[in-house]
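These are my notebook entries on one structure, written while I looked things up in it. I begin with how the protein chains meet and then turn to the DNA.

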Number of protein chains: 2
Amino acid sequence: MPKSTFFNLSEEKKKRIFDAAVQEFSTRRFSEASISQIVKNAGIPKGSFYQYFADKEDIYLYMVEKVSQDIHEIIGAFNPDASFFENIMQRAEGTIKVGKMRPEYTKIGALTVIDNSEFILQLLRASNKKYIEIIERDKQRGLIKMEIDSEVVIKLIYIFVFNEYLYSGFDETRYLKKVESAVQIIKEGIAIHQD
Amino acid sequence: MPKSTFFNLSEEKKKRIFDAAVQEFSTRRFSEASISQIVKNAGIPKGSFYQYFADKEDIYLYMVEKVSQDIHEIIGAFNPDASFFENIMQRAEGTIKVGKMRPEYTKIGALTVIDNSEFILQLLRASNKKYIEIIERDKQRGLIKMEIDSEVVIKLIYIFVFNEYLYSGFDETRYLKKVESAVQIIKEGIAIHQD
DNA sequence: TTATAATATGACGGGGTGGTCACACGCAGT
DNA sequence: ACTGCGTGTGACCACCCCGTCATATTATAA
């Protein structure tokens, strides 16, 4: 958590720092991102940074939290009763939507998922937990085969959704098509068919 | 390609340099790997490195080529008539086998797949081409649904196989189980069932 | 107004990296 | 034995990074 000195700052300055963090973390992976760059982009002295934040992890977590809030606002609340498939498609569409409104945010996601520092791995594990629960519930509901490994499912999709974003670049239609294909394949692979 | 001076070196020295490269590239991503480290590990002077190689890409490509040869020897020639599924399972088992005999090699693969420098992206595209052809052929054979996007299939698996290796770490049984689950899901998702 | 506490600042030390270059070495041919 | 050329060598330059710290500045309280 940022130090109290940071929260005492003017909204304008806080925003400048947040924007600088977004700028840096949407360009380079967490492990490659540089505090010096953030400081430069934000137009604050090096010393001040350490007055506000403990280290890179600190500002990263702060940024991620704010970004998550923004994203939730864009995507809208998700329906807890919806099936896993509906959830995933919503998430995929959400990624597109966010990609349109805040391309930097999707880039942050893409770069996060291909970082393998211990810090980031923990973050991802936590963020996947929610989806794993939905899959488990859908198994009980008879929508998904019992023998399916939920962790594998979510990881397959998760990695693909972001990784593909890096490949597709700006080509949104292509991206959407690829993600839909992937989700379709996995859906076909794990669903219980009721013909 | 390394310069002629490199190939004139004694086998022992060439091996020392190769080993140093493997050591470095199995620890850090291509974009993070350091020539200084390779030089230190190999016990050769900085100047000599540039006498042998043009830059990091140069030694990387040289290393990848040698590693590929080694891997092919371990896995054995692949049967061109085998179905895509058989190929993929062979590849998965191959990854395990290589992981046992040359854990560094599998780490290189894992780190490669999560690098996103343009240089590495090109390398991956080239390496996936072969599998895409097999999928296309199996579509004609009536084994795989025509509407499936081959690129998506191979990317799903490719990314997962290596990414999971990073997560599972040394736990081979876990890794094997996860990969099998993933392949099973995708197989179920793209195959034409002939009941 | 003055004293005290909080915050701002940027130069600096210590560390790492890539690539070069002047010089040392040793071997081949005369 | 001497010359010349390919090769070996590591100090060096320019660049980047992190985190600190002594000092300057501002805000607050007395």
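**Entry 1: the area between the chains.** Before reading any number I wrote down that buried area is the accessible area, found with a 1.4 Å probe, that two parts lose on being put together, summed over both. I then looked up the value for chain B and chain A, which is about 2900 Å², with carbon and sulfur atoms giving 62% of it. In chain B, the residues that lose the most area to chain A are L156(B), Y167(B) and I185(B), and together they make up 23% of what that side buries.

I also noted what kind of model this is. It is a predicted model, in which local features need pLDDT of at least 70 and side-chain atom pairs count only at pLDDT 80 or more, while totals for chains, interfaces and linings use all residues. Residues are numbered from 1 along each chain as its sequence is written, chains are lettered from A and ligands numbered from 1 in the order in which they are written, and side-chain values use heavy atoms, with hydrogens and water left out.

**Entry 2: who takes part.** How many residues does each chain bring to the contact? I found 33 residues from chain B and 33 residues from chain A, where contact means heavy atoms within 4.5 Å. Sorted by class, the side of chain B that touches chain A holds 16 nonpolar, five polar and 12 charged residues. For this sorting, Ala, Val, Leu, Ile, Met, Phe, Trp, Tyr, Cys and Pro count as nonpolar, Asp, Glu, Lys and Arg as charged, and the others, Gly among them, as polar.

**Entry 3: charged and polar pairs.** I searched next for salt bridges (a side-chain nitrogen of Lys or Arg within 4 Å of a carboxyl oxygen of Asp or Glu), and the count between chain B and chain A is 10. In one of them E151(A) pairs with R174(B), and their closest N and O atoms are 2.9 Å apart. I also looked up polar contacts, which are pairs of N or O atoms within 3.5 Å; within protein, one must be able to donate a hydrogen and the other to accept it, and residues adjacent in sequence count only if both atoms are side-chain atoms. Between chain B and chain A, 12 residue pairs are in polar contact, with both residues at pLDDT 80 or more.

Which elements of chain B give two or more residues to this side? They are helix 8 (118–140), helix 9 (150–168) and helix 10 (172–190), and the largest share, 11 residues, comes from helix 9 of chain B. Helices here are DSSP runs of H or I with at least four residues, numbered from the N terminus.

**Entry 4: how the copies are related.** I laid chain B on chain A by least squares on the C-alpha atoms of residues with pLDDT of at least 70 in both. The result is an RMSD of 0.1 Å after a turn of 180° and a shift of 0.0 Å along the axis. The two copies are therefore related as by a two-fold rotation axis. Of the residues of chain B, G189(B) comes closest to that axis, with its C-alpha at 1.8 Å.

**Entry 5: DNA strand D.** A residue is near a strand if one of its heavy atoms lies within 4 Å of it. Of the 16 residues around DNA strand D, S34(A), I35(A), S36(A), Y50(A) and G47(B) come nearest, and sugar and phosphate account for 69% of the strand's atoms within 4 Å of the protein. The side chain of Y50(A) has an N or O atom 2.7 Å from a phosphate oxygen of this strand, whereas a polar backbone atom of G47(B) is 3.3 Å from a base oxygen. Helix 4 of chain B gives the most to this surface, with four residues.

**Entry 6: DNA strand C.** I found 16 residues around DNA strand C, the closest being G47(A), S34(B), I35(B), S36(B) and Y50(B). A phosphate oxygen of strand C is 3.0 Å from an N or O atom in the side chain of S34(B), and another entry places a polar side-chain atom of Y52(A) 3.4 Å from a phosphate oxygen. The largest share of this surface, four residues, comes from helix 4 of chain A.
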